[in-house]
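Okay, thanks for making time, everyone. I'll put the structure up and then talk through the bits I found worth a closer look.

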Amino acid sequence: MLDGVEPYIVWIVIGLVLATLELVVPGVYLIWLAVAALITGGLAFIYDVGLALQVVEFVALALISVYSARRILSDSPIVSSDPLLNKPTGRMVGQTAVVTQAIEGGSGRVRYADGEWMARGVDMEPGERVRITGTEGSVLLVEPVNLITQGEAPQV
């Protein structure tokens, strides 16, 4: 491969670079290519074969490792401890907001926390409190909050 550098060292370096890139840019794919490169480096150390066969070994090992990983991960997916981490509107469901622009004809705007959001619901005037019942993209689905519902005592 390179003058004075053993081929197995090059494969191991490629594997370590790919593993490092997986840490920097996580995507769950480079690690499997890194595994294939490291195994190819190990095989090149044990068996003295030509470059063409090493490339074929790498491609075959990469396909096997990626396919195996996809199979394993699809059979038992990684469950997130916080499934709404990247869905901020999903975290809003059940919370209350205040109508800032009248909801007329089914759409208007509400204030939740420090931002204003497009909202859909029954007609309401500005200043009324609403409960967020769901989302459609970045549009909040809202319903009026009854101050005293049956079975609940008013909060003081």
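So, the buried residues of H1 pack against H2 and H3. Keep in mind that this is a predicted model. Which residues of H1 are the buried ones? They're Val 10, Trp 11, Gly 15, Leu 18 and Glu 22. Those five cover an arc of only 135 degrees around the axis, which puts them on the same side of H1. If you turn to the face of H1 pointing away from that buried side, you'll find the exposed residues Leu 23 and Val 24.

Quick geometry check on this helix. H1 has 18 residues, and at 1.5 Å a residue they should span 26 Å; the end C-alpha atoms are 26 Å apart, so that agrees.

While we're at this end of the chain, have a look at the surface. Val 5, Ile 9, Val 13, Val 17 and Leu 21 make up a nonpolar patch there, and together they have about 360 Å² of accessible area. Take Val 13 from that group: it lies in helix H1, and its relative accessible area is 45%, so Val 13 counts as partly exposed.

Next, helix H2, residues 30-46. Same exercise: 17 residues at 1.5 Å each should span 24 Å, and the C-alpha atoms at the ends of H2 are 24 Å apart, which agrees. The buried set in H2 is Ala 34, Ala 36, Ala 37, Thr 40, Gly 41 and Ala 44. Looking down the axis of H2, these buried residues fall within an arc of 160 degrees, so they line one face of the helix. And what does that buried set pack against? Helix H1, residues 7-24, and helix H3, residues 51-75.

That brings us to H3. This helix has 25 residues and reaches 36 Å from its first C-alpha to its last, close to the 36 Å expected at 1.5 Å a residue. Buried in H3 we have Gln 54, Glu 57, Phe 58, Ala 62, Ser 65 and Ala 69. The buried residues of H3 pack against H1 and H2. Put that next to the other two: the buried residues of H1 pack against H2 and H3, and those of H2 pack against H1 and H3.

Okay, leaving the helices, let's do charges. How many salt bridges does the structure hold? Three. Start with Glu 116, which forms a salt bridge with Arg 109, the closest N and O atoms being 3.1 Å apart. Glu 116 also pairs with Arg 111, and there the closest N and O atoms are 3.6 Å apart. That gives you a network of salt bridges linking Arg 109, Arg 111 and Glu 116. How covered up are these residues? Glu 116 is partly exposed at 35% relative accessibility, Arg 109 is partly exposed at 24%, and Arg 111 is partly exposed at 38%.

Then there's the pair of Glu 136 and Arg 120, whose side chains meet in a salt bridge at 2.6 Å, N to O. Glu 136 lies in strand S4, residues 129-136, and Arg 120 in strand S3, residues 115-120, so this pair ties together parts that are 16 residues apart in sequence. As for exposure, Glu 136 has a relative accessible area of 40%, which makes it partly exposed, and Arg 120 is partly exposed too, at 37%.

Now a backbone oddity for the torsion people. Ala 113 has a positive phi of about 55 degrees, although it is not a glycine. For context, most residues other than glycine have a negative phi. Where is Ala 113? In the loop between strand S2, residues 107-112, and S3. At 61% relative accessibility, Ala 113 counts as exposed.

Last stop, Gln 95. Its place is in the loop between helix H4, residues 88-92, and strand S1, residues 96-104. With a relative accessible area of 36%, Gln 95 is partly exposed. Leaving aside the neighbours within four places in sequence, what does Gln 95 contact? Tyr 112, Val 130, Arg 131 and Ile 132. If you want a distance to check on your own screen, Gln 95 and Met 118 are 23 residues apart in sequence and 15 Å apart in space, C-alpha to C-alpha.

That's my tour, happy to rotate things if anyone wants another look.

Terms used: Residues are numbered from 1 along each chain as its sequence is written. This is a predicted model: local features need pLDDT of at least 70, side-chain atom pairs count only at pLDDT 80 or more; totals for chains, interfaces and linings use all residues. Side-chain values use heavy atoms; hydrogens and water are left out. Helices (H or I, at least four residues) and strands (E, at least two) are DSSP runs, numbered from the N terminus. The expected span of a helix is 1.5 Å times one less than its number of residues. Buried means under 20% relative accessible area, exposed over 50%, partly exposed in between (1.4 Å probe, protein chains only). The arc is that of the directions from the helix axis to the C-beta atoms. Contact means heavy atoms within 4.5 Å. Patches are made of residues with over 30% relative accessible area and no salt bridge: like charges are joined within 9 Å, nonpolar side chains (Val, Leu, Ile, Met, Phe, Trp, Tyr) within 5 Å. Accessible areas come from the Shrake-Rupley method with a 1.4 Å probe; for residues, only the protein chains shown count as cover. A salt bridge is a side-chain nitrogen of Lys or Arg within 4 Å of a carboxyl oxygen of Asp or Glu.
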